[in-house]
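Reader: I have a chain in front of me and do not know how to read it. Can we go through the features one by one?

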Amino acid sequence: MPQTRHRIRRPCRTGAFIGLTALALGVTATASGGVPGRSHTTSGPKATSAESALAPCRISATMGVQLSEGLPTAPGYSRSTGEIRALNLMIDFPDAKGEGSAMDRLAEFFPQTSEWFRTSSYGRLTYRAEAPIRNWLRMPMPFAAYGIERGSAYEPGYRQLVEHIARAADPEVDFSRYDLINILVTPNAGPSALDTVLSVTFSGNAEAPMADGVPLANTSFVYSRQDDGSGSYRETGYRVLPHENGHVFGLPDLYTSDGGGTVGHWDIMSEDWGANNDLLGWHKWKLGWLDGSQISCASKPGASEHLLTPLAVAGGTKLAFVPLSESAGYAIEVRTRAGNDEAVCKPGVLIYRVDSEVDTGRGPVTVSDSASGSGGCTRRPNVHAELSDAPFRPGETFTDDKARISISVVAALPGGGFRVRVTRP
Ligand SMILES: [Zn+2]
(Lines give C-alpha, C1' and ligand atoms only; values in the text may rest on other atoms or scores of the structure.)
Protein backbone atom coordinates (compact mmCIF):
# COMPACT_ATOMS: atom_id res chain seq x y z
CA MET A 1 0.00 0.00 0.00
CA PRO A 2 1.32 3.48 -0.74
CA GLN A 3 1.87 5.48 2.41
CA THR A 4 -0.43 8.41 2.42
CA ARG A 5 -0.42 8.95 6.15
CA HIS A 6 0.74 11.95 7.99
CA ARG A 7 1.40 14.54 5.43
CA ILE A 8 -0.58 16.63 7.85
CA ARG A 9 1.58 16.63 10.81
CA ARG A 10 3.37 18.90 13.01
CA PRO A 11 2.35 22.15 14.47
CA CYS A 12 5.88 23.52 13.94
CA ARG A 13 5.71 25.85 16.85
CA THR A 14 7.97 28.43 15.33
CA GLY A 15 8.38 31.35 17.58
CA ALA A 16 6.14 29.90 20.23
CA PHE A 17 8.20 31.68 22.87
CA ILE A 18 7.98 34.93 20.98
CA GLY A 19 4.79 36.48 22.23
CA LEU A 20 5.13 40.22 22.31
CA THR A 21 8.51 40.08 20.64
CA ALA A 22 6.93 38.90 17.40
CA LEU A 23 4.60 41.82 17.39
CA ALA A 24 7.44 44.23 18.02
CA LEU A 25 9.43 42.76 15.14
CA GLY A 26 6.40 43.03 12.88
CA VAL A 27 5.94 46.69 13.70
CA THR A 28 9.59 47.39 13.04
CA ALA A 29 9.55 45.61 9.70
CA THR A 30 6.50 47.49 8.55
CA ALA A 31 7.61 50.84 9.84
CA SER A 32 10.75 50.58 7.76
CA GLY A 33 8.73 49.31 4.79
CA GLY A 34 6.29 51.88 3.55
CA VAL A 35 5.22 52.31 -0.02
CA PRO A 36 6.99 51.52 -3.30
CA GLY A 37 10.74 51.62 -3.20
CA ARG A 38 10.57 50.15 0.29
CA SER A 39 13.60 51.12 2.26
CA HIS A 40 14.91 47.58 2.65
CA THR A 41 15.39 47.33 -1.10
CA THR A 42 18.23 49.77 -0.88
CA SER A 43 20.96 48.38 1.28
CA GLY A 44 22.84 51.68 1.26
CA PRO A 45 22.78 55.12 -0.24
CA LYS A 46 24.24 53.88 -3.52
CA ALA A 47 21.68 51.33 -4.70
CA THR A 48 22.48 50.15 -8.21
CA SER A 49 19.96 50.33 -11.02
CA ALA A 50 19.87 46.51 -11.06
CA GLU A 51 18.78 46.52 -7.41
CA SER A 52 16.16 49.18 -8.11
CA ALA A 53 14.74 47.05 -10.91
CA LEU A 54 14.24 44.24 -8.42
CA ALA A 55 12.49 46.40 -5.83
CA PRO A 56 8.91 45.66 -6.99
CA CYS A 57 9.65 41.92 -6.74
CA ARG A 58 10.84 42.04 -3.15
CA ILE A 59 7.42 41.56 -1.66
CA SER A 60 7.66 42.72 1.91
CA ALA A 61 7.05 41.08 5.26
CA THR A 62 3.69 41.85 6.77
CA MET A 63 2.88 42.99 10.28
CA GLY A 64 1.33 40.30 12.43
CA VAL A 65 2.54 37.44 10.24
CA GLN A 66 4.77 35.27 12.40
CA LEU A 67 6.78 33.61 9.63
CA SER A 68 6.35 35.63 6.46
CA GLU A 69 7.47 34.83 2.92
CA GLY A 70 8.34 38.52 2.54
CA LEU A 71 11.80 39.98 2.10
CA PRO A 72 13.88 40.48 4.07
CA THR A 73 13.44 37.86 6.77
CA ALA A 74 12.83 39.51 10.14
CA PRO A 75 15.81 39.76 12.50
CA GLY A 76 16.40 37.13 15.17
CA TYR A 77 16.67 34.06 12.94
CA SER A 78 19.92 32.25 12.25
CA ARG A 79 22.17 33.36 9.42
CA SER A 80 21.65 31.19 6.33
CA THR A 81 24.91 31.84 4.47
CA GLY A 82 28.55 31.26 5.32
CA GLU A 83 29.67 28.86 8.02
CA ILE A 84 26.93 27.84 10.43
CA ARG A 85 27.81 25.95 13.59
CA ALA A 86 25.10 23.59 14.77
CA LEU A 87 25.20 22.19 18.29
CA ASN A 88 23.71 18.69 18.45
CA LEU A 89 22.60 17.31 21.81
CA MET A 90 21.16 13.82 22.13
CA ILE A 91 18.83 13.60 25.11
CA ASP A 92 16.97 10.84 26.94
CA PHE A 93 14.78 10.49 30.02
CA PRO A 94 14.55 8.30 33.12
CA ASP A 95 11.41 6.69 31.66
CA ALA A 96 12.79 6.55 28.08
CA LYS A 97 16.45 5.65 28.28
CA GLY A 98 18.41 5.95 25.05
CA GLU A 99 18.66 2.69 23.14
CA GLY A 100 21.95 2.20 21.33
CA SER A 101 24.55 4.93 21.33
CA ALA A 102 23.87 8.64 21.17
CA MET A 103 26.33 8.91 18.29
CA ASP A 104 24.20 6.44 16.29
CA ARG A 105 21.25 8.79 16.77
CA LEU A 106 23.41 11.65 15.45
CA ALA A 107 24.36 9.49 12.46
CA GLU A 108 20.69 9.25 11.45
CA PHE A 109 20.98 12.95 10.43
CA PHE A 110 24.61 13.52 9.51
CA PRO A 111 26.39 13.93 7.23
CA GLN A 112 23.24 13.97 5.04
CA THR A 113 21.82 17.19 6.52
CA SER A 114 25.08 19.09 5.91
CA GLU A 115 25.26 17.73 2.37
CA TRP A 116 21.63 18.64 1.71
CA PHE A 117 22.31 22.28 2.66
CA ARG A 118 25.53 22.41 0.64
CA THR A 119 23.73 21.15 -2.46
CA SER A 120 20.63 23.31 -2.05
CA SER A 121 22.63 26.47 -1.30
CA TYR A 122 25.13 26.00 -4.18
CA GLY A 123 27.84 25.88 -1.51
CA ARG A 124 26.80 29.16 0.14
CA LEU A 125 25.85 27.53 3.44
CA THR A 126 28.55 25.48 5.14
CA TYR A 127 26.79 23.54 7.88
CA ARG A 128 29.17 22.40 10.61
CA ALA A 129 27.51 19.83 12.84
CA GLU A 130 29.20 19.43 16.21
CA ALA A 131 28.43 17.05 19.08
CA PRO A 132 30.75 17.91 21.97
CA ILE A 133 28.84 15.52 24.29
CA ARG A 134 29.05 12.05 22.82
CA ASN A 135 26.65 10.34 25.23
CA TRP A 136 22.95 10.62 25.97
CA LEU A 137 22.22 13.67 28.09
CA ARG A 138 19.81 12.42 30.77
CA MET A 139 16.98 14.79 31.71
CA PRO A 140 16.04 15.05 35.40
CA MET A 141 12.31 14.40 34.90
CA PRO A 142 10.41 11.63 33.10
CA PHE A 143 9.38 12.45 29.52
CA ALA A 144 5.71 12.42 30.47
CA ALA A 145 6.30 15.05 33.16
CA TYR A 146 7.19 17.71 30.57
CA GLY A 147 3.70 17.47 29.08
CA ILE A 148 4.92 17.52 25.49
CA GLU A 149 2.13 16.61 23.11
CA ARG A 150 1.22 17.61 19.61
CA GLY A 151 -0.89 20.71 19.49
CA SER A 152 -1.07 21.22 23.23
CA ALA A 153 -0.20 24.46 24.92
CA TYR A 154 3.20 23.18 25.86
CA GLU A 155 5.29 26.29 26.16
CA PRO A 156 5.83 25.85 29.93
CA GLY A 157 6.95 22.24 29.38
CA TYR A 158 9.34 23.25 26.61
CA ARG A 159 10.75 26.11 28.61
CA GLN A 160 11.48 23.71 31.45
CA LEU A 161 12.99 21.16 29.07
CA VAL A 162 15.28 23.76 27.48
CA GLU A 163 16.36 24.96 30.93
CA HIS A 164 17.14 21.38 31.97
CA ILE A 165 19.10 20.76 28.76
CA ALA A 166 21.11 23.94 29.25
CA ARG A 167 21.84 23.05 32.86
CA ALA A 168 22.92 19.49 32.00
CA ALA A 169 25.11 20.48 29.06
CA ASP A 170 26.54 23.74 30.37
CA PRO A 171 29.64 22.28 32.10
CA GLU A 172 30.82 20.85 28.77
CA VAL A 173 29.30 23.21 26.20
CA ASP A 174 29.87 26.88 25.39
CA PHE A 175 26.48 27.74 23.91
CA SER A 176 27.72 31.10 22.65
CA ARG A 177 29.83 29.34 19.98
CA TYR A 178 26.80 28.07 18.05
CA ASP A 179 24.33 29.53 15.56
CA LEU A 180 21.60 26.94 16.11
CA ILE A 181 20.81 23.91 18.26
CA ASN A 182 19.42 20.51 17.32
CA ILE A 183 17.93 18.45 20.15
CA LEU A 184 17.85 14.85 18.92
CA VAL A 185 15.51 13.10 21.32
CA THR A 186 15.80 9.37 21.92
CA PRO A 187 13.29 7.81 19.49
CA ASN A 188 11.55 5.79 22.23
CA ALA A 189 10.30 8.94 23.99
CA GLY A 190 6.75 9.75 22.98
CA PRO A 191 4.63 8.33 20.15
CA SER A 192 5.77 6.95 16.81
CA ALA A 193 6.03 9.56 14.06
CA LEU A 194 3.51 7.43 12.18
CA ASP A 195 0.97 8.30 14.85
CA THR A 196 1.87 11.90 15.56
CA VAL A 197 4.88 14.02 14.72
CA LEU A 198 6.14 15.99 17.69
CA SER A 199 9.20 17.49 15.97
CA VAL A 200 9.17 21.22 16.40
CA THR A 201 11.31 24.34 16.11
CA PHE A 202 11.45 27.46 18.19
CA SER A 203 13.03 30.21 16.16
CA GLY A 204 13.76 33.89 16.04
CA ASN A 205 13.04 34.22 19.69
CA ALA A 206 15.05 36.48 21.95
CA GLU A 207 12.91 35.57 24.98
CA ALA A 208 14.19 31.98 25.05
CA PRO A 209 15.98 30.58 28.12
CA MET A 210 19.60 31.74 28.38
CA ALA A 211 22.86 29.80 28.55
CA ASP A 212 26.37 31.25 28.49
CA GLY A 213 24.86 34.70 28.10
CA VAL A 214 22.97 33.91 24.87
CA PRO A 215 19.30 33.07 24.36
CA LEU A 216 18.75 29.55 23.01
CA ALA A 217 16.66 31.20 20.35
CA ASN A 218 16.91 28.92 17.33
CA THR A 219 16.38 25.35 18.48
CA SER A 220 14.95 22.36 16.60
CA PHE A 221 13.65 19.28 18.41
CA VAL A 222 13.46 15.98 16.53
CA TYR A 223 11.46 13.10 17.99
CA SER A 224 10.83 9.53 16.91
CA ARG A 225 11.80 8.37 13.41
CA GLN A 226 10.07 9.39 10.18
CA ASP A 227 10.18 5.79 9.00
CA ASP A 228 7.26 4.89 6.76
CA GLY A 229 8.29 1.25 6.54
CA SER A 230 9.10 1.48 2.83
CA GLY A 231 12.74 0.60 3.50
CA SER A 232 14.04 4.08 2.67
CA TYR A 233 14.67 5.34 6.21
CA ARG A 234 18.45 5.25 5.91
CA GLU A 235 18.29 7.42 2.79
CA THR A 236 15.43 9.76 3.67
CA GLY A 237 14.83 9.70 7.43
CA TYR A 238 17.15 12.67 8.04
CA ARG A 239 14.92 15.01 6.04
CA VAL A 240 12.91 16.18 9.03
CA LEU A 241 16.03 18.04 10.21
CA PRO A 242 16.59 20.30 7.17
CA HIS A 243 12.83 21.01 7.38
CA GLU A 244 13.05 22.01 11.05
CA ASN A 245 16.22 24.01 10.42
CA GLY A 246 14.36 25.80 7.62
CA HIS A 247 12.30 27.41 10.41
CA VAL A 248 15.51 28.42 12.19
CA PHE A 249 16.39 30.35 9.02
CA GLY A 250 12.91 31.95 8.95
CA LEU A 251 10.99 29.78 6.46
CA PRO A 252 7.29 29.03 7.04
CA ASP A 253 5.49 25.68 6.79
CA LEU A 254 3.98 25.25 3.34
CA TYR A 255 1.73 22.33 4.17
CA THR A 256 -1.70 23.22 5.51
CA SER A 257 -4.29 21.42 7.61
CA ASP A 258 -5.23 19.68 4.35
CA GLY A 259 -1.67 18.35 3.90
CA GLY A 260 0.67 18.97 0.98
CA GLY A 261 -2.03 19.95 -1.51
CA THR A 262 -0.87 23.51 -2.13
CA VAL A 263 2.83 22.91 -2.84
CA GLY A 264 3.23 19.13 -3.07
CA HIS A 265 6.79 17.82 -3.12
CA TRP A 266 8.29 21.02 -4.57
CA ASP A 267 9.70 22.25 -1.25
CA ILE A 268 10.97 20.51 1.87
CA MET A 269 8.87 22.94 3.96
CA SER A 270 5.84 21.27 2.34
CA GLU A 271 6.83 17.60 2.40
CA ASP A 272 9.77 16.20 4.37
CA TRP A 273 8.92 12.49 4.20
CA GLY A 274 9.91 10.20 1.35
CA ALA A 275 12.14 11.00 -1.62
CA ASN A 276 14.54 13.91 -1.39
CA ASN A 277 13.39 17.31 -2.60
CA ASP A 278 14.73 20.85 -2.80
CA LEU A 279 13.49 24.30 -1.82
CA LEU A 280 11.55 26.64 -4.06
CA GLY A 281 13.59 29.29 -5.83
CA TRP A 282 11.74 31.93 -3.81
CA HIS A 283 13.10 30.39 -0.62
CA LYS A 284 16.62 30.26 -2.07
CA TRP A 285 16.43 33.98 -2.81
CA LYS A 286 15.04 34.66 0.67
CA LEU A 287 17.91 32.67 2.23
CA GLY A 288 20.58 34.54 0.23
CA TRP A 289 21.50 31.55 -1.95
CA LEU A 290 20.56 33.40 -5.14
CA ASP A 291 21.93 36.81 -6.08
CA GLY A 292 19.77 39.64 -7.31
CA SER A 293 21.39 39.10 -10.73
CA GLN A 294 19.76 35.65 -10.84
CA ILE A 295 16.24 37.07 -10.45
CA SER A 296 14.29 38.44 -13.40
CA CYS A 297 11.61 40.88 -12.25
CA ALA A 298 8.57 41.18 -14.55
CA SER A 299 7.08 44.37 -13.15
CA LYS A 300 6.68 46.49 -16.28
CA PRO A 301 3.41 46.52 -18.26
CA GLY A 302 3.34 44.54 -21.49
CA ALA A 303 5.27 41.44 -22.56
CA SER A 304 8.66 40.33 -21.32
CA GLU A 305 10.78 37.25 -21.98
CA HIS A 306 12.85 35.36 -19.41
CA LEU A 307 15.50 32.70 -20.00
CA LEU A 308 15.54 30.41 -16.98
CA THR A 309 18.14 27.74 -16.19
CA PRO A 310 17.36 24.67 -14.02
CA LEU A 311 17.15 25.53 -10.32
CA ALA A 312 19.30 22.55 -9.35
CA VAL A 313 22.30 23.75 -11.41
CA ALA A 314 24.48 26.59 -10.10
CA GLY A 315 24.65 29.84 -12.08
CA GLY A 316 22.33 31.64 -14.47
CA THR A 317 18.89 33.16 -14.04
CA LYS A 318 16.87 30.96 -11.67
CA LEU A 319 13.69 32.84 -10.87
CA ALA A 320 11.33 35.14 -12.68
CA PHE A 321 8.81 36.98 -10.52
CA VAL A 322 5.60 38.77 -11.49
CA PRO A 323 4.56 41.08 -8.66
CA LEU A 324 0.81 41.53 -8.21
CA SER A 325 0.98 43.82 -5.19
CA GLU A 326 3.37 44.73 -2.39
CA SER A 327 2.63 41.41 -0.73
CA ALA A 328 2.01 38.86 -3.49
CA GLY A 329 3.13 37.68 -6.90
CA TYR A 330 3.84 34.74 -9.18
CA ALA A 331 7.20 32.99 -9.12
CA ILE A 332 8.47 31.05 -12.14
CA GLU A 333 11.34 28.53 -12.09
CA VAL A 334 12.65 25.42 -13.84
CA ARG A 335 12.63 22.12 -11.95
CA THR A 336 14.48 19.03 -13.17
CA ARG A 337 15.52 15.72 -11.60
CA ALA A 338 18.94 16.82 -10.32
CA GLY A 339 20.62 17.92 -7.11
CA ASN A 340 18.25 17.43 -4.19
CA ASP A 341 15.25 17.04 -6.52
CA GLU A 342 15.20 13.28 -6.80
CA ALA A 343 11.48 12.63 -7.40
CA VAL A 344 10.80 15.00 -10.33
CA CYS A 345 8.84 12.98 -12.92
CA LYS A 346 7.91 15.86 -15.26
CA PRO A 347 10.68 18.45 -15.66
CA GLY A 348 9.45 21.87 -16.68
CA VAL A 349 8.42 25.33 -15.57
CA LEU A 350 6.92 25.52 -12.10
CA ILE A 351 4.61 28.49 -11.46
CA TYR A 352 3.42 29.39 -7.98
CA ARG A 353 1.84 32.24 -6.09
CA VAL A 354 3.65 33.68 -3.06
CA ASP A 355 1.72 35.75 -0.53
CA SER A 356 3.59 37.35 2.36
CA GLU A 357 0.33 38.14 4.20
CA VAL A 358 -0.47 34.45 4.66
CA ASP A 359 1.16 32.92 7.72
CA THR A 360 2.96 29.63 8.22
CA GLY A 361 0.72 26.59 7.79
CA ARG A 362 -2.06 28.61 6.16
CA GLY A 363 -0.86 28.29 2.56
CA PRO A 364 1.55 31.19 1.85
CA VAL A 365 2.54 29.46 -1.41
CA THR A 366 0.21 27.83 -3.96
CA VAL A 367 1.55 25.86 -6.93
CA SER A 368 -0.40 26.09 -10.22
CA ASP A 369 -1.09 22.66 -11.68
CA SER A 370 -0.67 22.50 -15.46
CA ALA A 371 -2.54 19.17 -15.46
CA SER A 372 -5.25 19.65 -12.87
CA GLY A 373 -7.06 16.45 -11.93
CA SER A 374 -4.58 14.22 -13.76
CA GLY A 375 -3.53 12.24 -10.70
CA GLY A 376 0.10 13.15 -11.33
CA CYS A 377 3.08 11.24 -12.71
CA THR A 378 4.54 9.65 -9.57
CA ARG A 379 3.52 6.75 -7.40
CA ARG A 380 6.35 7.14 -4.94
CA PRO A 381 5.30 6.94 -1.30
CA ASN A 382 4.97 10.23 0.55
CA VAL A 383 5.20 12.33 -2.61
CA HIS A 384 2.03 14.32 -3.29
CA ALA A 385 0.92 12.74 -6.55
CA GLU A 386 -1.50 15.28 -8.04
CA LEU A 387 1.02 18.14 -8.13
CA SER A 388 3.94 15.97 -9.31
CA ASP A 389 3.12 16.84 -12.95
CA ALA A 390 2.40 20.51 -12.18
CA PRO A 391 5.23 22.00 -14.32
CA PHE A 392 4.30 23.67 -17.61
CA ARG A 393 5.87 22.57 -20.90
CA PRO A 394 6.47 24.44 -24.18
CA GLY A 395 3.16 25.49 -25.74
CA GLU A 396 1.36 25.62 -22.39
CA THR A 397 0.14 28.83 -20.78
CA PHE A 398 -0.89 29.77 -17.27
CA THR A 399 -3.42 32.57 -16.98
CA ASP A 400 -4.81 34.65 -14.14
CA ASP A 401 -7.83 36.24 -15.79
CA LYS A 402 -8.61 38.51 -12.87
CA ALA A 403 -5.12 40.00 -12.79
CA ARG A 404 -4.90 39.78 -16.62
CA ILE A 405 -1.59 37.93 -16.41
CA SER A 406 -0.41 35.16 -18.69
CA ILE A 407 2.76 33.11 -18.40
CA SER A 408 3.66 31.02 -21.46
CA VAL A 409 6.45 28.51 -21.91
CA VAL A 410 7.82 29.40 -25.35
CA ALA A 411 10.62 26.92 -25.88
CA ALA A 412 13.02 24.48 -24.27
CA LEU A 413 16.65 25.61 -24.21
CA PRO A 414 19.84 23.55 -24.42
CA GLY A 415 20.89 22.45 -20.93
CA GLY A 416 17.38 21.94 -19.60
CA GLY A 417 16.30 25.58 -19.34
CA PHE A 418 13.21 27.26 -20.81
CA ARG A 419 12.23 30.53 -22.45
CA VAL A 420 9.16 32.01 -20.77
CA ARG A 421 6.99 34.93 -21.86
CA VAL A 422 5.05 37.00 -19.35
CA THR A 423 2.25 39.36 -20.31
CA ARG A 424 0.81 41.72 -17.74
CA PRO A 425 -1.13 44.98 -17.58
ZN1 LIG B 1 7.58 22.81 10.04
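Author: We begin with a term. Helices (H or I, at least four residues) and strands (E, at least two) are DSSP runs, numbered from the N terminus. For example, helix α7 is followed by Gly 250, whose phi is positive, near 100 degrees. Likewise, after α4 comes Tyr 122, with a positive phi near 55 degrees.

Reader: What should I know about the model and its numbering?

Author: This is a predicted model, in which local features need pLDDT of at least 70 and side-chain atom pairs count only at pLDDT 80 or more, while totals for chains, interfaces and linings use all residues. Residues are numbered from 1 along each chain as its sequence is written.

Reader: How many helices and strands does the chain have?

Author: The chain has eight helices and 17 strands.

Reader: What does "buried" mean, and what percentage of the 425 residues is buried?

Author: A residue is buried if 20 or more other C-beta atoms lie within 10 Å of its own, exposed if 12 or fewer, and partly exposed in between; C-beta atoms are placed from the backbone. Of the 425 residues in the chain, 49% are buried. A single case is Leu 67, which sits in the loop between α2 (49-54) and β1. Leu 67 is buried, because 25 other C-beta atoms lie within 10 Å. Its C-alpha atom is separated by 9.7 Å from that of Ser 203, although the two residues are 136 residues apart along the chain.

Reader: How do I read a contact?

Author: Two residues are in contact if their C-beta atoms, placed from the backbone, lie within 7 Å. Among contacts in this chain between residues at least 6 apart in sequence, 69% join residues at least 24 apart.

Reader: Which residues of helix α7 are buried, and what covers them?

Author: The buried residues of α7 are Val 240, Leu 241, Pro 242, His 243, Glu 244, Asn 245, Gly 246, His 247 and Val 248. That is nine of the nine residues of α7 (residues 240-248), so this helix is largely enclosed by the rest of the structure. The cover includes α4 (112-120), β4 (180-185), β5 (200-202) and β8 (219-222).

Reader: Where on α4 are its buried residues?

Author: In α4, Thr 113, Trp 116, Phe 117 and Ser 120 are buried. They cover an arc of only 95 degrees around the axis, which puts them on the same side of α4. The arc is that of the directions from the helix axis to the C-beta atoms. The buried residues of α4 pack against β2 (125-130) and α7.

Reader: What is a nonpolar core, and how many residues has the largest one?

Author: A nonpolar core is a set of buried Ala, Val, Leu, Ile, Met, Phe, Trp, Tyr and Cys residues joined through C-beta atoms within 7 Å. The largest here has 95 residues, and those with the most contacts inside it are Leu 319, Phe 321, Ala 331, Ile 332, Val 349 and Val 420. Strand β1 (residues 82-92) gives the most to this core, with six residues. Domain 1 (82-248) and domain 2 (277-424) each supply at least three residues to the core; the domain bounds come from an automatic or database domain assignment. Leaving aside neighbours within four places in sequence, Ala 331 is in contact with Leu 280, Gly 281, Trp 282, Leu 319, Phe 321, Tyr 352 and Val 354.

Reader: How do strands form a sheet?

Author: Strands of a sheet pair through backbone hydrogen bonds, either parallel or antiparallel. Two strands count as paired if DSSP finds at least two bridges between them. One open sheet of five strands has the order β9-β11-β12-β13-β14, with mixed pairing. Strands β9 (295-297) and β14 stand at the edges, each with a single partner strand, so one side of each is left without a neighbour in the sheet.

Reader: Which pairs inside this sheet can I check?

Author: Strand β12 (residues 328-335) and β13 pair in the antiparallel sense over eight bridges, and Tyr 330 stands opposite Arg 353 in β13. Strand β11 (residues 319-323) pairs antiparallel with β12 over four bridges, where Ala 320 stands opposite Ile 332. Three bridges join β13 to the antiparallel strand β14 (residues 365-367), with Tyr 352 opposite Val 367. Strand β13 (residues 348-355) is mostly covered, as seven of its eight residues are buried.
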